[in-house]
Each structure stands twice: as C-alpha cells, then as structure tokens.
Amino acid sequence: MDLFSNVEPTHQTYATGLVYLRGFALNNAPTLLADLNQVIAVAPLRSMMTPMGYPMSVATTSCGSLGWVGDAKGYGYSHVDPQSLLPWPAMPESFLQLAENAAETAGFKDFCPDACLINQYHIGTKMGLHRDKDERDFTQPIVSVSLGIPARFQFGGNKRSDKPIQILLNHGDVVVWGGASRMYYHGIMTVQANTHPILGNKRINLTFRKAG
Ligand code: SIN
Ligand code: FE2
C-alpha cells in the first residue's frame with residue numbers, strides 16, 4: 001500500500017477536543033507545496049534562537065501579516081522578517097482557503113488567520129511540549145497541516161504534566177484545536193527516519209493562527 005497517498009479522509013474528535021482530519025489537505029498538497037516554495041524563496045527557513053540561548057532544531061519561517069519570531073529576549077509576533085526587515089510574504093490563497101475549510105469542518109466558523117508559521121523538521125528533530133500562547137485572540141482555533149514524512153504528535157491538557165495522547169500525522173493530515181483546548185500542551189516527538197516521494201526526508205508543518 002502507498003502509505004502517503006492512499007488515505008481515506010476520516011474525521012475524529014478526541015476527548016481533549018482535538019479534531020483530527022485525516023488526509024484533509026491531500027488533494028491540495030501539490031498547490032500548497034508550490035506556494036510554499038514561493039514563500040521560502042522570499043523568507044527562507046532558518047533556526048530561531050531560543051531564550052535559553054541555543055538555536056531551535058526545527059527551522060521556521062512565516063507568511064501572513066504577522067510572523068512568529070524568537071530571539072534571546074523571548075518569543076512573539078512581528079510584522080517584519082527580522083532577517084530581511086521586510087514584511088513577511090503574503091499568505092497564499094491556497095493556504096488561507098485550506099485553513100478556513102479545515103476550521104469550519106472542525107466546527108470553528110469564521111476563522112481568519114493572519115499568521116502561518118512554517119516548521120521544517122529533519123530526521124532526529126522534535127518540538128517539546130508547549131502551548132501556543134503568543135497570540136492575542138484565544139477565541140480562534142489553531143489549524144495545523146502536516147506534509148512530508150510522518151511524525152508523532154502529542155496533545156495533552158492544560159497542565160504540562162497531563163498525559164498526552166499520541167497521533168501519527170501523515171502527509172496531508174490536519175489537526176484543529178480551539179475553544180476549551182486552545183491552550184493545551186502539544187508537541188512533536190523525535191522524527192524517525194523515513195522518506196517521502198516529494199519532500200524526501202523532511203516534514204513540513206503549517207500552523208495557522210489569528211495572532212493579532
Ligand atoms: C507547533 O506546535 O508549532 C508545531 C506542531 C507540528 O509541527 O505539528
Ligand atoms: Fe504549537
């Protein structure tokens with residue numbers, strides 16, 4: 001079986017409120033990836049500094065009117081790319097449409113993201129448990145799109161110590177959380193060796209938020 005393209009879309013809501021939309025972005029993936037290439041040509045992927053003083057293992061960039069940035073002083077959102085001092089690239093229409101459709105399918109009408117964080121994972125990288133808390137508007141959900149090689153997503157609760165569930169996110173999968181679970185802890189476990197026919201040994205994640 002072709003693990004990457006032969007996926008029946010299914011929707012599942014977990015007890016914590018996380019909505020898993022399997023394969024929701026599969027048909028749009030070629031367009032998303034073409035548009036992604038345009039974004040990273042203008043705002044290249046780079047490793048942001050953590051306040052702890054070392055670079056993140058995951059490379060990031062952004063599109064939309066606000067971009068997520070990190071440096072020695074902390075994390076937050078900026079209207080400009082700190083590397084070029086230019087505004088972030090506009091959010092491609094394909095990104096916006098997909099994010100709005102996914103949010104609506106998950107029960108969140110009128111999602112209007114102004115920020116898309118792009119995370120690139122190589123084999124052996126991970127993202128520790130954290131909450132998305134740098135945004136202003138917590139009434140709007142988070143929409144997270146996975147492309148490339150699979151990774152294990154952890155989704156816990158309001159406390160870091162709440163035992164997270166684990167979901168394997170494959171190319172084209174989308175997860176959405178909001179409402180009571182908007183601030184829940186989540187992360188990505190160490191990415192295991194794998195190959196994707198288009199993205200090679202990489203995983204790309206697009207996280208849509210209403211940040212401003
Ligand atoms: C994040 O929480 O910012 C990224 C999640 C993911 O890569 O799936
Ligand atoms: Fe996050």
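Which residues does Glu135 touch, not counting residues up to four places away in sequence? In this predicted model, the answer is Tyr77, Arg182, Arg209, Lys210 and Ala211. Allow me to begin with that residue and then turn to the metal site and two helices.

Glu135 is located in the loop between β7 and β8. Its relative accessible area is 5%, and Glu135 is therefore classed as buried, the cut-off being under 20%. Two of the residues that Glu135 touches also engage its side chain in polar contacts: the side chain of Tyr77 at 2.6 Å, and the side chain of Arg182 at 2.8 Å.

The loop between β7 and β8 also brings us to the iron ion, ligand 2, since Asp132 lies there. Coordination of this ion is provided by His130 through NE2, Asp132 through OD and His186 through NE2, at 2.1 to 2.2 Å. Along the chain, the donors follow the spacing H-x1-D-x53-H. His186 belongs to strand β12, residues 186–188, whereas Asp132 sits in the loop, so the pair ties together parts that are 54 residues apart in sequence. The site has four donor atoms, with angles of 90 to 174° among them, and is irregular. As for accessibility, Asp132 counts as buried at 3%, and His186 likewise counts as buried at 4%.

I now turn to the helices, beginning with α1, residues 29–42. This helix has 14 residues and extends 20 Å from its first C-alpha to its last, close to the 20 Å expected at 1.5 Å a residue. Its buried residues are Ala29, Leu32, Leu33, Leu36 and Val39. These cover an arc of only 115° around the axis, which puts them on the same side of α1. An α-helix has 3.6 residues a turn, so residues three or four places apart point the same way. On the other side of α1, Pro30, Gln38, Ala41 and Val42 are exposed. The cover over the buried residues of α1 includes β3, α2, β6, β8 and β13.

Helix α2, one of the elements in that cover, comprises residues 93–105. Its 13 residues should span 18 Å at 1.5 Å a residue, and its end C-alpha atoms are indeed 18 Å apart. Buried in α2 are Ser94, Phe95, Leu98, Ala99, Ala102 and Ala103. Their arc around the axis is only 155°, which places them on the same side of α2. After α2 comes Gly107, with a positive phi near 100°.

Technical notes
Residues are numbered from 1 along each chain as its sequence is written. Chains are lettered from A and ligands numbered from 1 in the order in which they are written. This is a predicted model: local features need pLDDT of at least 70, side-chain atom pairs count only at pLDDT 80 or more; totals for chains, interfaces and linings use all residues. Side-chain values use heavy atoms; hydrogens and water are left out. Donors are N, O and S atoms within 2.8 Å of the metal (3.2 Å for Na, K and Ca); water is not among the atoms, so sites may look incomplete. Four donors count as tetrahedral if all angles lie between 85 and 135 degrees; four count as square planar and six as octahedral if opposite donors are over 155 degrees apart and all others between 65 and 115; anything else is irregular. Helices (H or I, at least four residues) and strands (E, at least two) are DSSP runs, numbered from the N terminus. Buried means under 20% relative accessible area, exposed over 50%, partly exposed in between (1.4 Å probe, protein chains only). The expected span of a helix is 1.5 Å times one less than its number of residues. The arc is that of the directions from the helix axis to the C-beta atoms. A polar contact is a pair of N or O atoms within 3.5 Å; within protein, one must be able to donate a hydrogen and the other to accept it, and residues adjacent in sequence count only if both atoms are side-chain atoms. Contact means heavy atoms within 4.5 Å.
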